[in-house]
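Visitor: I am new to this structure and should be grateful for a close look at a single part, the surroundings of the ligand. Please then show how that part fits into the chain.

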Amino acid sequence: MLFQIKSYLQFLWHSKNEHAVHSPFVFSLITKCFYDSKPKTAYSVLREYRNSLLQNKNTIAVTDFGAGSKVFKSDVREITRIAQTAGISPKRAELLFRIVNYFRPEYILEIGTSLGLATSALSLGNPNAKITTLEGCPETAKIAQNQFRQFGLININSVVAEFENYLKDHRLSTFDFKLVYFDGNHSKKATLEYFELLLPNVTNETVWIFDDIHWSADMEQAWQLIKKHPKVTVTIDIFQWGIVFFRHEQEKEHFIIRA
Ligand SMILES: C[S@@+](CC[C@H](N)C(=O)[O-])C[C@H]1O[C@@H](n2cnc3c(N)ncnc32)[C@H](O)[C@@H]1O
């Protein structure tokens with residue numbers, strides 16, 4: 001916790017808004033997408049989706065993976081508690097919706113479904129997109145799948161698999177994913193492993209979003225290595241997320257933006 005507070009203070013010190021940005025690509029993303037404060041009908045669907053989970057007092061047997069949760073000790077968890085602690089925040093879900101809506105990627109991959117709070121934002125952001133979302137815990141995935149059905153989110157393919165296995169087995173078919181939301185195992189080792197596995201398939205249009213880049217010293221190290229990678233050109237650190245682009249025409253530049 002102390003680490004995150006220190007990290008956040010550093011972020012506040014270094015972060016800027018659109019006025020300090022000279023890249024037209026990044027300026028447009030910030031002004032037309034990050035700072036777009038107009039209401040959207042999809043936001044009410046996102047709220048309803050979340051509320052239905054928050055009202056669900058049933059319990060499920062959860063299979064724990066990777067770095068695991070800092071909150072839970074037991075394997076039997078209330079759905080409402082998972083929704084309160086494990087998923088994307090309402091504000092970030094709206095931003096994720098806007099990012100997808102802005103770039104309109106045709107194929108999207110989410111690494112870490114949980115109850116599908118972020119998946120619903122990906123789905124509504126571009127109803128024409130085909131979304132693949134990965135979750136290792138079958139019980140958790142089942143709740144998410146029910147939610148997708150209930151909310152008519154038909155463009156989601158929910159896959160129950162360990163991330164590592166899926167990404168290795170589907171190396172060639174991951175070619176099409178133009179937007180990847182990395183929100184699973186928040187450890188340096190796993191983050192860099194997924195980064196390397198997906199890297200051969202990036203194109204000029206690819207957008208990658210890494211969640212929790214300042215969650216631990218370990219994750220900050222992973223973020224620094226990602227930024228330095230020769231294939232990576234533009235990065236945007238908005239504290240909760242690190243957003244990565246591979247645009248050839250753009251000089252390597254790292255932005256720290258309040259969003
Ligand atoms: C932080 S949650 C995802 C939250 C979700 N994106 C949202 O915003 O609602 C991470 C999920 O990844 C799953 N997970 C973690 N490590 C995994 C692994 N190695 N293989 C498969 N699933 C894993 C966990 O079971 C957990 O449900």
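**The ligand and its surroundings**

Guide: A nitrogen atom of the ligand is found 3.1 Å from a polar atom in the backbone of F163. This is a predicted model, in which local features need pLDDT of at least 70 and side-chain atom pairs count only at pLDDT 80 or more, whereas totals for chains, interfaces and linings use all residues. Residues are numbered from 1 along each chain as its sequence is written, and side-chain values use heavy atoms, with hydrogens and water left out.

Side chains also approach the ligand. In E110, a polar side-chain atom lies 3.0 Å from a nitrogen atom of the ligand. In E164, an N or O atom of the side chain is 3.4 Å from a ligand nitrogen. Taken alone, the ligand exposes 600 Å², and the protein buries 90% of that area. Such areas come from the Shrake-Rupley method with a 1.4 Å probe, and for residues only the protein chains shown count as cover.

The shell around the ligand has 20 residues, of which I88, G112, E135, G136 and D183 come nearest; a residue is near if one of its heavy atoms lies within 4 Å. By character, the shell divides into 8 nonpolar, 7 polar and 5 charged residues. Here Ala, Val, Leu, Ile, Met, Phe, Trp, Tyr, Cys and Pro count as nonpolar, Asp, Glu, Lys and Arg as charged, and the others, Gly among them, as polar. Two helices, α6 (117–125) and α8 (163–169), each supply at least two residues of this shell. Helices (H or I, at least four residues) and strands (E, at least two) are DSSP runs, numbered from the N terminus.

Helix α6 deserves a closer look. Of its 9 residues, 8 are buried, so the helix is largely enclosed by the rest of the structure. Buried means under 20% relative accessible area, exposed over 50%, and partly exposed in between (1.4 Å probe, protein chains only). The buried residues of α6 are L117, A118, T119, S120, A121, L122, S123 and G125.

From α6 one may turn to V45, a residue of helix α3 (residues 41–54). The C-alpha atoms of V45 and S120 are separated by 8.6 Å, although these positions lie 75 residues apart along the chain. Neighbours within four places in sequence aside, V45 is in contact with L124 and F151, where contact means heavy atoms within 4.5 Å. With a relative accessibility of 25%, V45 counts as partly exposed.

The loop between β3 (107–111) and α6 holds S114. This residue is not a glycine, yet has a positive phi of about 50°. Most residues other than glycine have a negative phi. S114 counts as buried because its relative accessibility is 17%. A second residue of this kind is D212, whose positive phi is near 60° though D212 is not a glycine either. D212 belongs to the loop between β7 (207–211) and α10 (217–228), and its 18% relative accessibility places D212 among the buried residues.

Another loop, between β9 (241–245) and β10 (253–256), contains Q250. Its side chain makes a polar contact of 2.7 Å with the side chain of S23. A polar contact is a pair of N or O atoms within 3.5 Å; within protein, one must be able to donate a hydrogen and the other to accept it, and residues adjacent in sequence count only if both atoms are side-chain atoms. Residues up to four places away in sequence not counted, Q250 touches S23, F25, V26, T233 and V234. Q250 is buried, at 14% relative accessibility.

Finally, the whole chain. Its secondary structure comes to 10 helices and 10 strands. The radius of gyration is 18 Å, close to the 18 Å that the globule rule gives for 259 residues, so the chain is as compact as a globular protein of that length. That radius is taken over C-alpha atoms, and the rule is 2.2 Å times the number of residues to the power 0.38. Along its principal axes the C-alpha trace spans about 50 × 40 × 40 Å. Of the 259 residues, 54% count as buried. Among contacts with a separation of 6 or more, 69% join residues 24 or more positions apart.
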